[in-house]
Amino acid sequence: MLRYNVRCVGGSRLIRSPPCFLENGQLLACCVRSSALLYSAYTAEICGELRHGAEEVIMLQCIEGSHVGGNLITATKTGNIRLWSTKEALLVDTWKLEYKAVGFRIVSTKPLVGYFVLEKNPKVCNLYRIVLNPGGYFEWTVVAQDVPHDLKHFCFANRGRCFAYITRKNLSVCSLTNEGPQVKHPYKEAANWVCIAGHPHQAVVATGDVDGVILIWNNLFRGNPVRTVCHWHTMPIGHLAFNQSGSALYSGGQERVVVKWNLHNPDQSEGRDYLPRIAIQLVTAMMKITQSIQSIALRPTFSVAQDGTTTPLPAGLTLDVTGLSESMEPPVLIFNGRPGELQFYSLATNSVVFNLEITGKMLLPVECEKEVHSVDVSAVAVVDQWMVTVEERQNDIANTDRKLKFWKYNRDTVNFDLDTCVEYLPGTVISSIRFVNGLTFDNNPTKTYLALATTCLDGRVNFWTQTEESDDNDDNTEQLEGAWRCRTTLTFRELPANFVANSESLSMIAIAFGCTITLWNSNDLVFRRSMNVCDGSVAVRQLEFALEEDLLLAMSTFTLTAWSVRHLNRVWTVKMSFSNICIDPISGVVAAFTIKNVLLFKVNPLSRLAEIRYPNQALPVASIFVPSADATPGRLSTLYYFTMEQYMYRIEWDVDQEEDDCREDAVMFETVGSHQTQSWTSTLVGRAPLKQLQTESMKSKTIIERLSEVDKSLAAPAHTLPSLDAILRPVLLSLIPDRPSDATA
C-alpha cells in the first residue's frame, strides 16, 4: 500500500461567524482560521492580525470600556476565551473553559460578565453566566438548558438582558436580569424557522422562515405577544440584523436582495428599501450606524457550475511550469483570488507571490448604481507567454456578460498586457477552454498555429488564432503578430458543447457534445468518429486523455468510462458519482474525487492503488498533479486539491503517515483583503496603455492638448479603464506651477 500524508497548506473562510466593528466603525474584525484579522472599513486592507496559535477562532465581539485593558473578546474551538487590545495588538488575558463555546454576549465590563452558550456534549448545549476575573479565573452558573447548537437559532436582545431561541415547536425567551422562568410561545409553523435576531434596546426579536416570512415579536414576557408580519422574500431567509438604533431591520437570503424594513413605518409598501442583486446570497449582516457603514457577509466567491452546483473556485487550478516572471520560481498554481482577480501561488516558497487584476473596475450606469454584480474569472488557460481568461459578470441568470481575454506576458515591464478582448452575446455560456498546438489553415501544411479552443453550451466550438499583419513601412513587408480572432467553428447535431481535450501524441482532439464524444484531427480539424455514452440522458462533464496511447476518460454525473480511441470501444466503466478527475503526467495514475474520499488507480489494466478519506467533510472542487523537479517515470507526483471550505490540501507520497499535520505556517490565500507585499495591476487598455498620461509630458502641452489626450484614453470600453484617479491625476498635477527658485524670488 502507498504511504501518504495529507497536509493543509492554506486557505481561509471568513463567514463562519458574523464580523464586528471596532474603533467607531474604522475597523472590521473577522474570524479567519486561527487568527482574527482586522480590516480597514474604508480601504478593505488588512491592518492587523491577532494569532491564536493552532486554535481555530469561531467567534468574536467588540466591548467598550478601557478599564478592562482590551476591546475585543475572541473564542476558539477548544474553549479558550481571550481578551485583546487591538490598538497594540496585545493579548491581555485568557480563560480556559471546559466546553466549546457556540456563542456568547458580553453584557458588563465592571466586572467582565458574559453569557455563553457552551456545548457540553454533541447533543446538549446550555446557557451559562460567566464572570471573567483577571488572571484567567472565572465563575459560572447555569441559566438555561437545552439551547440550540446553531448560532442562527438563538440571540440576545435588550442590551443582553433578554435571551431568546427557537425550537421546532415554539419561541422560548428568558430574562437575564432576574431568575424568572422561561416563557414559551407555541407557534404552529415554528419548524420552518431558520434564523432569529434580537433588538439592541428592547425585548423584541425577529424570526425568519424557509418561506421568506419575517415575524417581529413584541411583548415577549406576556401571555399573548404582538406579532408583526413582514413578507417580501419568497425564498428562505439567510440572516436578520437590527441596526444599532433599532429603527430598521435588515433581511436577506437566496434572492440576492437585501431588504431594509423601517420599523417606525407600519406601511410595508412604503416602509422598506432595497439593495437589489448583490453578488450572491447573504449569510450575515452587521450594522454600524454611527459611521453609516454596513457589513454584509456573502457566500465566498461561489459561482454556479453547469450542473447547477456552486463552487468557490470557478477557474479551477492551473499549473504554470514556464516561469512567466523571474520573481516566480516554477511551478506556480494559478487560481481565483478576490472577485475579479487571479492569485499566483508558488509551490517552491509556499506563498502567494502576487495577485493579478483581471476584470478591473466594472463601471455601472446611474440607473444600476444600487446593484452589486458578481464579477469573477471562470476559466484560465496558460501556455508559454500567453494566458487566456474567461470573465463573467452576472446581471441575472439569463443576462450574464462574458468576455474572453488574451493576455501576453511582457518581460520588460514585468506585467501582463491585454492583447485581445472578445465580448460574447449575453447568455452565452463558455463551458471550457484549452490550448491546441499544430493547427494548419489556408492549405499550407508547413505553417502551424497555436490555437485556443472554446466550447459553448449553444453548440459552438470556436478556434482562435493570432492574425498576421504586414508592416506597411517596411519594404520587406515583414509579417507581424496581430490580435486573436476566430478562425473556424465546429458544431455537431446542434448539441451543447461541454468539454474539449487535446492529445498531441495522437494528433487528436476530443469534444463532448451532450452525451456524445466526437474525435477530430488536431491539425486540420477533420471529423473522425463519434461515440455515444450508454445513458443518453447524462451529459459528459469532463474529458481527459490518459497517459497510455489510446485511452480517453469520460466523466459524467454517475459514471467514469475509459474509451479506446483506436478501436472505438469501451474498455471499462466505474459506476460512481465523481466531482472531478485529474491525471498524473508522469506516472499516468488517475485521481478521482468522490463525496467522501479520493480514489487513485491505474487505467490499463484497471487497478486501485489507494483510497484516501478527506480530513474533513468539505467536498473538493478542483485538483491537479504537480510533478517534482527530479520526477522519474512511474513516480507519483504531488496531488493538490481545493475544497468547498476554501482550503487547499497537499497529498505527499512515500512519507511517514505519522508526520504531524501542522497548519501553523499555512498560507492564507487572497480571497477578501490584500495583505501581500507585491501586487500586479494589469494593463487593461490593450496595447496602448496610458503612457502618454505622464505628469512630465503633460506640462509641455496646452490645456486643449491635455484634454485631447484624455479623450483618446477614454476611447477604450468603460469596463477596461483604470480608476478615474489614475486618468485625471497626471492632468491635474501638471496644472500646478513649479515652485520658484530663490533667485527668481
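**Exercise 1. Find how many bridges join β3 to strand β4, and look at the turn between these strands.**

Step 1. Six bridges join β3 to strand β4 (residues 35–40), and the two run antiparallel. Strands here are DSSP runs of E with at least two residues, helices are runs of H or I with at least four residues, and both are numbered from the N terminus. Two strands pair if DSSP finds at least two bridges between them.

Step 2. Pick out one bridge: Val32 has Ser35 in β4 as its partner.

Step 3. Now the turn. β3 and β4 form a hairpin with two residues between them, and Arg33 in the turn has a positive phi of about 55 degrees.

A word on what you are looking at: this is a predicted model, in which local features need pLDDT of at least 70, side-chain atom pairs count only at pLDDT 80 or more, and totals for chains, interfaces and linings use all residues. Residues are numbered from 1 along each chain as its sequence is written, and side-chain values use heavy atoms, with hydrogens and water left out.

**Exercise 2. Work out which strand pairs with β3 through three bridges, and why β3 counts as largely enclosed.**

Step 1. That strand is β2 (residues 20–22), which pairs with β3 in the antiparallel sense over three bridges. Cys20 has Ala29 in β3 as its bridge partner.

Step 2. The hairpin of β2 and β3 has four residues between the strands, and Glu23 takes a positive phi near 55 degrees there.

Step 3. Check burial, using these cut-offs: buried means under 20% relative accessible area, exposed over 50%, and partly exposed in between (1.4 Å probe, protein chains only). Six of the six residues of β3 (residues 27–32) are buried, so the strand is largely enclosed by the rest of the structure.

Step 4. Sort the side chains by direction. Leu27, Ala29 and Cys31 point one way, Leu28, Cys30 and Val32 point the other way, and all are buried. This fits a general pattern: in a regular strand the side chains alternate between the two faces of the sheet.

**Exercise 3. Give the strand order of the open sheet that contains β6, and say which strands stand at its edges.**

Step 1. Four strands form this open sheet in the order β6-β7-β8-β9, with antiparallel pairing.

Step 2. β6 and β9 (90–96) stand at the edges with a single partner strand each, so one side of each is left without a neighbour in the sheet.

Step 3. The twist averages 20 degrees from one strand to the next. For such angles, axes are lines fitted to C-alpha atoms (for helices over the stretch in contact), and angles run from 0 to 180 degrees between N-to-C directions.

Step 4. Inside the sheet, β7 and β8 pair in the antiparallel sense over four bridges. Ile73 stands opposite Leu83 in β8.

**Exercise 4. Which residues touch the most other members of the largest nonpolar core?**

Step 1. Start with the term: a nonpolar core is a set of buried Ala, Val, Leu, Ile, Met, Phe, Trp, Tyr and Cys residues joined through side-chain atoms within 4.5 Å.

Step 2. The largest such core has 20 residues, and Ile73, Ile81, Phe116 and Leu118 touch the most other members. The strands that each supply at least two residues of this core are β6 (57–62), β7 (72–76), β8 (80–85), β10 (100–109), β11 (112–121) and β12 (124–132).

Step 3. Zoom in on Leu118. Leaving aside neighbours within four places in sequence, Leu118 is in contact (heavy atoms within 4.5 Å) with residues including Leu97, Tyr99, Val124, Ile130 and Trp140.

Step 4. Apart from this core lies another, of 19 residues, among them Tyr4, Leu636, Tyr647 and Trp653.

**Exercise 5. Is Ser346 buried or exposed, and what is around it?**

Step 1. Locate the residue: Ser346 lies in strand β32 (residues 341–346).

Step 2. With a relative accessible area of 2%, Ser346 is buried.

Step 3. A polar atom of the Ser346 side chain lies 3.5 Å from the backbone nitrogen of Ala348.

Step 4. Beyond neighbours within four places in sequence, Ser346 is in contact with Glu329, Pro331, Val332, Ser351 and Val353.

**Exercise 6. How many helices and strands does the chain have?**

Step 1. The chain has three helices and 56 strands.

Step 2. Of its 745 residues, 52% count as buried.

Definitions and conventions:
Polar contact = N/O pair within 3.5 Å; in protein donor to acceptor, adjacent residues only side chain to side chain.
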